[in-house]
Amino acid sequence: PKHALSFNPSRQPSRSPSPLLPLTMTQKAAPPKHAWSSATLDSDKTDLTRVVDEASTTTSSAAALFLPVEEAERLVESLECVGVAGVGSKAYLKYFNNLQTLNLSAHSHAQSKTDEYILEAVSTFEKLPVVIENMLAVEAWRTRVLPSLKPKGLAANNCMRSYFTLYSEGVAVNLLELALYHRHQLAECSETLDLVDYVVRQITGLCVPLAQNEMLKHCKKPLSAAEQGELIMNRSKEDELKDHEFQIRFSASLSCLTLLRYFTEHFEALPLHAQTRLLDTHDVLVLIVPLVENPPWSRRNGDDWEKWEEGKWGKVEKGDLLKLSKIEGQVWLAVYHLTCTQACREKYPLSEFRKSQILRLRKYLNDIIVDQLPVLADVRRYLDELALMSVPGVNAPAPMLEVAPLKSKIDRECTASVADEQWEEVWSKLTDKDDEDIRALTDVYSQDGIEEVFGEKPVFELNGLPVREVQVTFPGGECAFEIKPKDLKKGVESETERGTFKRYK
């Protein structure tokens, strides 16, 4: 999911993260624009982290996804908690349908700089805790119930239904990226402790070394078009579901880096127990260090480098390797708020261990990085001063740890009988071929202007050029052949949104 580092509180298109793109939709392999192109500091704001990115300008075509106010409020009011036992049921897919509809419309509002009445409705009807609770329920279902359902034949008969169930977790994170941009949304949220724990769990999954991390090994493995085609042709339904699970977890985990930045930027809006959990229990500043040293958002593909941007891997020219992507910007801004804001520094006692870990960041703050994000000059100066300071040897641990209420409740619901009951009541009675609930979801992704919201505009790079040759790749070999128009005088004109084209036989 993209999230441009534009922090002007006025509604601007570059603030909106692109919603997660379902794997069932085609993604164009276009290289992403540099996140910091044409970025200038907003001198009218006192906050030095506010950046206006004028490069990401969207058109009003996304307005096609706008919901009427009354319809939006009706959908928001319909959002209800389903619990772990209800995950994957008919009621849950209806909830997911409404949630994704609201998510796409909310992104349309942010991209076109219009009134964000959907986010205000979510706040008014106090539905943010509902979104968080259902997100945690899907996480618990994925880790504790799904492994028991797979041996029963879940993937063979219900691959699409289980995929959309998993995908709903990423959609919830995506909506939270929009909502928590606003300080008042975070201040009014009653489930911040559970949300902080969830975000840290996902980020911790990115910190596990590659050799022991199945998710990163799967998502960072580059495949050519031929290899990708052969994989899709030969993989089993179980492997397909596993691929979807890894991809969704990877995207959602990277989105959680944006939420972490919001926690640090709006630190004073968090309740005291959430502040303590963030800085003391989880020690997120130390947690960030391995992410900077071994970034999960970049990979090597032969002689080329690629970065995760706009929800997909894109090639990065060697001269642009030090240019900050949007995800990298989120991480460094979190470091800035944790080290250079008074609210965080007052509640973060240093020790020899913390000092040694934090100083590992110093070598990455070169002039090229600081020029792109000037506030990092303060971080560099802080680290230089920290290297000369003497700090206590150890910190006294907290005597008690507050239990996250939602997580505790959901854990109690995850009994051994949940998988058997779900299999009998839901999964064994349906297949992908006759699943009406899945067909109902297709209406969400068939709306006009959906490509604009997902950032997947049609690419017409070959307009006006004659086609000399077409190369078709099959698993196991290649076949090239030449095509030519039979008669250049018999072309049929066709009007499209990009102009007039001629089609030849």
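## Close-up views of a predicted protein chain

By the sulfur–sulfur distance rule, which asks for a pair of cysteine sulfur atoms within 2.5 Å, the count of disulfides comes to zero. Keep in mind throughout that this is a predicted model.

**View 1. Two cysteines, Cys81 and Cys159, in their surroundings.** Let's start with a pair of cysteines. Cys81 has a relative accessibility of 35%, so this residue counts as partly exposed. Cys159 has a relative accessibility of 1%, so this one counts as buried.

**View 2. The whole chain, before zooming in further.** Here's the general layout. The protein chain is built with 22 helices and nine strands. Of its 505 residues, 50% are buried. Take the contacts between residues at least 6 apart in sequence: 78% of them join residues at least 24 apart. As for the outside, the accessible surface comes to about 24200 Å², and carbon and sulfur atoms account for 52% of that.

**View 3. The largest nonpolar core, with its 129 residues.** In soluble globular proteins, nonpolar side chains tend to be buried together. Which residues touch the most other members of this core? They are Val199, Ile203, Phe250, Phe263 and Trp332. Helix H6, spanning residues 154–179, gives the most to this core, putting in 14 residues.

**View 4. Phe263 and the residues around it.** Phe263 is among the core residues that touch the most other members, so it's worth a frame of its own. Set aside its neighbours within four places in sequence, and Phe263 is in contact with Leu180, Leu186, Leu195, Val196, Val199, Leu270 and Leu278. One of these, Val199, also appears in the list of core residues with the most touching members.

**View 5. Tyr92 and Tyr95, a tilted pair in helix H3.** The structure holds eleven aromatic pairs. In this one, the ring centres of Tyr92 and Tyr95 are 5.4 Å apart and the planes sit at 45°, so the pair is tilted. Why are these two tyrosines separated by about one helical turn? Because they are three residues apart in helix H3, which covers residues 90–112. Are they buried or exposed? Tyr92 is buried, with a relative accessible area of 1%, and Tyr95 is buried too, at 5%.

**View 6. Phe96 and Phe164, a pair across two helices.** These rings have their centres 6.0 Å apart and their planes at 45°, so Phe96 and Phe164 also make a tilted pair. Phe96 belongs to helix H3 and Phe164 to helix H6, which means the pair ties together parts that are 68 residues apart in sequence. Phe96 is buried, with a relative accessible area of 0%, and Phe164 is buried at 5%. Zoom out a little and you'll find Phe96, Tyr163, Phe164 and Tyr167 forming one aromatic cluster.

**View 7. Asn98 and its contacts.** We stay in helix H3, where Asn98 is found. With a relative accessible area of 13%, Asn98 is under the 20% cut-off and so counts as buried. What joins the side chains of Asn98 and Ser78? A polar contact of 3.2 Å does. Leaving out its neighbours within four places in sequence, Asn98 is in contact with Leu75, Ser78 and Leu79.

Conventions: Residues numbered from 1 in each chain as written. Predicted model: local features only at pLDDT ≥ 70, side-chain atom pairs only at ≥ 80, totals over all residues. Heavy atoms only, no water. Helix = DSSP H or I, 4+ residues; strand = E, 2+ residues; numbered from the N terminus. Buried < 20%, exposed > 50% of the residue type's maximum accessible area, 1.4 Å probe, protein only. Contact = heavy atoms within 4.5 Å. Areas by Shrake-Rupley, 256 points an atom, 1.4 Å probe, with all protein chains shown as cover. Core = buried A, V, L, I, M, F, W, Y, C linked by side-chain atoms within 4.5 Å. Phe/Tyr/Trp six-rings, centres within 6.5 Å; stacked < 30°, edge-to-face > 60°. Polar contact = N/O pair within 3.5 Å; in protein donor to acceptor, adjacent residues only side chain to side chain.
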